[in-house]
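Visitor: Got a minute to walk me through this one? I'd like to start with the sheet and then move on to the DNA.

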Protein chains: 2
Amino acid sequence: MAAERVDGAPTDRLGFLLAWRGEATSARIRGALGVTGLHPRHAMTLMHLGTGPVSQRALSDMLEVDPSQLVAILNELESDGLAERRRDPADRRRHIVEITEAGTAALRKVDSALNEAERELFAAFSERDLASLRTMLDWVDVASVQHECSED
Amino acid sequence: MAAERVDGAPTDRLGFLLAWRGEATSARIRGALGVTGLHPRHAMTLMHLGTGPVSQRALSDMLEVDPSQLVAILNELESDGLAERRRDPADRRRHIVEITEAGTAALRKVDSALNEAERELFAAFSERDLASLRTMLDWVDVASVQHECSED
DNA sequence: TATTGTTATACTCTATAACTATA
DNA sequence: TATAGTTATAGAGTATAACAATA
């Protein structure tokens with residue numbers, strides 16, 4: 001009964017470091033999206049719409065939000081003239097969602113805000129460092145994320 | 001009026017990759033903390049208490065939760081016999097919070113669950129890779145995180 | 001008057017189920 | 001019957017302000 005030390009504080013754990021830097025990066029990105037005048041979720045939606053028209057179902061899969069949440073997001077985008085819904089003639093249950101010209105203009109602002117944010121976040125990195133970080137992040141075994149919290 | 005491409009989808013952005021891997025890592029850690037039978041926030045609290053007794057104010061700073069939220073956390077830890085509050089004789093406004101023996105035993109389980117989680121997350125990494133990742137994560141300019149979201 | 005811990009309240013997110021209209 | 005979108009409701013989480021005790 002020797003080893004098996006209890007760390008006590010969550011210091012020096014690479015997992016925590018990665019989680020914290022990820023959260024900080026996420027906050028920086030949300031900030032960049034926010035200062036474009038769009039709520040981050042609307043900016044994210046526009047980013048996906050930027051690749052072309054999609055059904056709400058496909059869009060909710062891309063955004064990883066429930067279809068019922070997407071309704072509100074699209075209502076707001078539509079009332080701001082940034083996106084449009086129209087029925088799919090081939091299957092009248094479906095809505096085809098498309099970005100508008102105003103939406104594309106907003107998306108351009110989002111895009112340059114993100115470029116600026118990433119320049120700041122990774123200012124200390126050489127091109128080679130950037131590639132190296134990307135590679136390593138791909139190694140992290142995210143597949144092992146299946147557990148969820150139980151109760152107290 | 002040439003360049004300035006609009007990406008459209010949030011692919012290929014290192015910032016998003018870091019944010020996503022961080023969130024996945026965070027979820028994996030929460031899962032590991034959760035399967036010990038503790039809510040992640042209680043486990044985190046025990047980890048900080050593991051370094052020694054502290055006031056609630058200091059503890060809420062460490063955990064980055066509002067003092068009013070900490071009250072509930074400590075009520076639950078205390079009713080489970082994992083931590084104890086006592087008045088500070090030197091300043092009777094203060095509560096000194098201390099981990100119990102049962103709390104220390106729970107903390108040991110938390111600690112080994114975290115070790116296991118990190119082994120899985122970073123299974124593909126050599127010792128040198130691990131050091132390299134840690135170094136690079138320290139380069140990320142988290143200081144530039146000051147912005148917050150505006151409204152739609 | 002300022003600080004520590006506590007209580008109460010409100011607001012944002014998210015998860016879920018029920019409903020409609022189409023297929 | 002099953003699917004796409006919508007609506008309504010409830011829950012968790014969080015942020016805030018007011019309060020009592022003490023300094």
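**Strands, helices and DNA**

Guide: Strand 2 of chain B and strand 3 (residues 91-99) of chain B run antiparallel, joined by six bridges. Strands here are DSSP runs (E, at least two residues) and helices are too (H or I, at least four), numbered from the N terminus. Two strands pair if DSSP finds at least two bridges between them.

Visitor: Where do these coordinates come from, and how is stuff numbered?

Guide: This is a predicted model, where local features need pLDDT of at least 70 and side-chain atom pairs count only at pLDDT 80 or more, while totals for chains, interfaces and linings use all residues. Residues are numbered from 1 along each chain as its sequence is written, chains are lettered from A and ligands numbered from 1 in the order in which they are written, and side-chain values use heavy atoms, with hydrogens and water left out.

Visitor: OK, what stands opposite B:Arg85?

Guide: B:Val97, in strand 3 of chain B.

Visitor: And in what order do the three strands of the open sheet in chain B come?

Guide: The order is 1-3-2, with antiparallel pairing. Strand 1 (54-55) and strand 2 (83-88) are the edge strands, each pairing on one side only.

Visitor: Switching to helices: why does B:Thr25 count as buried?

Guide: Because its relative accessibility is 0%; buried means under 20% relative accessible area, exposed over 50%, partly exposed in between (1.4 Å probe, protein chains only). B:Thr25 sits in helix 1 (residues 14-34) of chain B. Not counting residues up to four places away in sequence, B:Thr25 touches A:Gly15, A:Leu18, A:Ala19, A:Val140 and B:Leu121, contact being heavy atoms within 4.5 Å.

Visitor: How many residues of helix 1 of chain A are buried?

Guide: 18 of its 21, so that helix is mostly covered.

Visitor: Now the DNA. Which residues are closest to strand D?

Guide: A:Gln56, A:Arg57, A:Ser68, B:Arg41 and B:Ser68, out of 18 that surround DNA strand D. Near means that a heavy atom of the residue lies within 4 Å.

Visitor: What part of B:Ser68 comes 2.9 Å from a base oxygen?

Guide: An N or O atom in its side chain. That's a polar contact: a pair of N or O atoms within 3.5 Å; within protein, one must be able to donate a hydrogen and the other to accept it, and residues adjacent in sequence count only if both atoms are side-chain atoms.

Visitor: Which histidine comes 3.1 Å from a phosphate oxygen?

Guide: A:His95, through a backbone N or O atom. B:His39 has a polar side-chain atom 3.4 Å from a phosphate oxygen of DNA strand D.
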